[in-house]
Amino acid sequence: MTSKITDKYTLLKDDRDDVCDFANFLTRIHDKFMDVNLVIDIFKYDKMSLQDLLCFLTLSNTHRANKKSLIIINNAIPSGDIPNEIIVVPTLKEAEDIIEMEEIERDLGF
């Protein structure tokens, strides 16, 4: 895994070959990132299935319950198939925009 820390979020990029293995790894080490907004870059998985994406469901629910954003970068799955509990966007710019919107919503008490 590679990481990049910015003032708004931490970007985590998979250097493994199994997307569910990466999701399970992040879930196990979640306590290291639970206080920051996360962007998870799994764009390299261009043939990823919805079942693969669901490996991130527990992590997403746990992270968002802590009032922090968790955004996944990937474009392999049609947006209509993605459950509401997981936010998936095709670019880093869109991830940054969503984090900014969610931060404003949290500041306003929504």
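Visitor: Is G109 buried or exposed?
Guide: The model here is predicted: local features need pLDDT of at least 70, side-chain atom pairs count only at pLDDT 80 or more, and totals for chains, interfaces and linings use all residues. Residues are numbered from 1 along each chain as its sequence is written, and side-chain values use heavy atoms, leaving out hydrogens and water. You will find G109 in the segment after α4 (92–107). Buried means under 20% relative accessible area, exposed over 50%, and partly exposed in between (1.4 Å probe, protein chains only); G109 has 62%, so the word for it is exposed.

Visitor: How far apart in space are G109 and D81?
Guide: D81 lies in the loop between β4 and β5 (87–89). With a relative accessible area of 44%, D81 is partly exposed. Along the sequence, 28 residues separate D81 from G109, and from C-alpha to C-alpha the distance is 29 Å.

Visitor: In what pattern do the helices and strands follow one another?
Guide: Helices (H or I, at least four residues) and strands (E, at least two) are DSSP runs, numbered from the N terminus. The chain has four helices and five strands. Reading along the sequence, you meet them as β-β-α-β-α-α-β-β-α.

Visitor: What radius of gyration does the chain have?
Guide: Think of the box first: the C-alpha atoms fill roughly 40 × 30 × 25 Å along the principal axes. The radius of gyration is taken over C-alpha atoms, and the globule rule is 2.2 Å times the number of residues to the power 0.38. For 110 residues that rule gives 13 Å, and the chain comes close to it, so it is as compact as a globular protein of that length, with a radius of 13 Å.

Visitor: How much of the exposed area do carbon and sulfur atoms supply?
Guide: Accessible areas come from the Shrake-Rupley method with a 1.4 Å probe; for residues, only the protein chains shown count as cover. Buried residues make up 38% of the 110 residues. The chain exposes about 6400 Å², and the share from carbon and sulfur atoms is 51%.

Visitor: Which element gives the largest share of the largest nonpolar core?
Guide: A nonpolar core is a set of buried Ala, Val, Leu, Ile, Met, Phe, Trp, Tyr and Cys residues joined through side-chain atoms within 4.5 Å. This one has 22 residues, and L26, I40, I42, F56 and I72 touch the most other members. α1 (19–28), β3 and β4 each supply at least two of its residues. The largest share is six residues, and it comes from α1.

Visitor: What is the relative accessible area of I42, one of those core residues?
Guide: I42 is found in the loop between β3 (38–41) and α2 (50–53). Contact means heavy atoms within 4.5 Å; beyond its neighbours within four places in sequence, I42 is in contact with D14, V19, F22, M48, F56, I72, I73 and N74. I42 counts as buried because its relative accessible area is 0%.

Visitor: How far is L53 from I77 in space?
Guide: L53 belongs to helix α2 and is buried, with a relative accessible area of 1%. Not counting residues up to four places away in sequence, L53 touches M48, I72, I77, I82, I86 and V88. L53 and I77 stand 24 residues apart along the chain, yet their C-alpha atoms are separated by 8.5 Å.

Visitor: Is S69 buried or exposed?
Guide: S69 lies in the loop between α3 (57–65) and β4 (70–73). Leaving aside neighbours within four places in sequence, its contacts are V36, N37, L38, H63, I99, E102 and R106. Its relative accessibility is 0%, so S69 is buried.

Visitor: What is phi of K67 near?
Guide: K67 is found in the loop between α3 and β4. A relative accessible area of 58% makes K67 exposed. K67 is a residue other than glycine with a positive phi, near 65 degrees.

Visitor: How far apart are the mean positions of the positive and negative charges?
Guide: Lys and Arg count as positive and Asp and Glu as negative, while His and the chain ends are not counted. The place of a charge is NZ of Lys, CZ of Arg, CG of Asp or CD of Glu. For the 13 positive and 21 negative charges of the chain, the mean positions are separated by 3 Å.
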